[in-house]
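Subject: Structure handover

Hello,

Please find the structure below, followed by notes on what was found in it.

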Amino acid sequence: MKDLVRQKLSIHVEVMDMLNKQIEKEAHSSSAYLAMASWCDHNALSYSAQFFYDQSLEERGHMMKIFRFVNDNGGTAYSPEVKNVIHDFKSLEEIYETALDQEISITQSIHNIVQKCRKLNDFTTENFLQWFVKEQMEEEQMMRRALELFDLMGTDGLGLKLLDERIPQIRESNLPD
Ligand code: OFO
């Protein structure tokens, strides 16, 4: 029965493998943001902590979106193992820099899958991934905006506290219309 279902895959099998890798990456992003939230909480940076708690949940949402898409289209999604989550950071600035690097790498990964879809004429998945292309652009912008605050407000004492208080505005300006 399962084999019959798999023959009806509307996504290309090579693309399905890439989507399973993407599921792992989204799960890793979710855990990485959770570790950042914890660091911020322990350092009394409560607005950044909330920001990363929310990001962590969003990343889990992305993972589930891909997970369901694979299964709904006759493929098999695999529940990911998450390893190598970093918990030690030198500063809040380093956290946002790491977050931006992570988003850039996820963007690249999504673009690679889109490229593969085009090569293999997998229009179903290419269409599905358009939401992620836009989402990645917005998330990169959000992290860049957070990093700009460090140049404006500095990285010590009161400046850092005030910067932290500005973080919710960055998220709000990124919410969908
Ligand atoms: Fe999954 O949204 Fe960015 O990483």
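Phenylalanine 67 is buried, because its relative accessibility is 17% (buried means under 20% relative accessible area, exposed over 50%, and partly exposed in between, with a 1.4 Å probe and protein chains only). Phenylalanine 67 sits in helix H3; helices (H or I, at least four residues) and strands (E, at least two) are DSSP runs numbered from the N terminus. Leaving aside neighbours within four places in sequence, phenylalanine 67 is in contact (heavy atoms within 4.5 Å) with Ile23, Ala77, Tyr78 and Ser79. The C-alpha atoms of phenylalanine 67 and leucine 19 are 8.1 Å apart, with the two positions 48 residues apart in sequence numbering.

On provenance: this is a predicted model, in which local features need pLDDT of at least 70 and side-chain atom pairs count only at pLDDT 80 or more, while totals for chains, interfaces and linings use all residues. Residues are numbered from 1 along each chain as its sequence is written, and side-chain values use heavy atoms, with hydrogens and water left out.

Overall layout

The chain has six helices and zero strands, giving the pattern α-α-α-α-α-α along the sequence. Its C-alpha trace spans about 65 × 30 × 25 Å along the principal axes. Of the 177 residues in the chain, 44% are buried. Taking contacts between residues at least 6 apart in sequence, 77% join residues at least 24 apart.

Helices H3 and H4, and what follows them

Helix H3 covers residues 46-72, and its end C-alpha atoms are 39 Å apart; this agrees with the expected 39 Å, because its 27 residues are counted at 1.5 Å a residue (the expected span is 1.5 Å times one less than the number of residues). After H3 comes glycine 74, with a positive phi near 85°. The same check on H4, with 28 residues, gives an expected span of 40 Å against 41 Å between the end C-alpha atoms, which agrees. Just after H4, asparagine 121 takes a positive phi of about 55°.

Most residues other than glycine have a negative phi. Which residues that are not glycine have a positive phi of about 55°? Asparagine 84 is one of them, and asparagine 121 is another. Asparagine 84 lies in the loop between H3 and H4, and asparagine 121 in the loop between H4 and H5. Asparagine 84 is exposed, with a relative accessible area of 69%; asparagine 121 also counts as exposed, at 51% relative accessibility.

Nonpolar cores

A nonpolar core here is a set of buried Ala, Val, Leu, Ile, Met, Phe, Trp, Tyr and Cys residues joined through side-chain atoms within 4.5 Å. The largest has 25 residues, and those with the most contacts inside it are Cys40, Phe52, Leu92, Tyr96, Met143 and Ile167. At least two residues of this core come from each of helix H2 (13-42), H3, helix H4 (92-119), helix H5 (123-153) and helix H6 (157-172). H5 gives the most, with six residues.

Phenylalanine 52 shows who meets whom in this core. Not counting neighbours within four places in sequence, phenylalanine 52 is in contact with Tyr33, Met36, Ala37, Cys40, Ile95, Tyr96, Ala99 and Met143. There is also a second, separate core of 20 residues, which includes Met16, Ile66, Val114 and Phe132.

Second largest pocket

The second largest pocket has a volume of about 240 Å³. A pocket is an open set of points on a 1 Å grid over the protein atoms alone, where a 1.4 Å probe fits, with protein on both sides within 12 Å along at least five of seven lines; lining residues have an atom within 4 Å of a point. The volume is the space filled by probe spheres set on the points.

The pocket is lined by 14 residues, and those closest to its centre are His28, Ser29, Ala32, Thr98 and Gln102. H2 and H4 are the elements that give two or more residues to the lining. By type, the lining divides into six nonpolar, six polar and two charged residues (nonpolar: Ala, Val, Leu, Ile, Met, Phe, Trp, Tyr, Cys and Pro; charged: Asp, Glu, Lys and Arg; polar: the others, Gly among them).

Alanine 32, one of the residues closest to the pocket centre, lies in helix H2. Alanine 32 is buried, with a relative accessible area of 8%. Apart from residues up to four places away in sequence, alanine 32 touches Val85 and Gln102. The C-alpha atoms of alanine 32 and asparagine 73 are separated by 29 Å, and the two residues are 41 apart along the chain.

Regards
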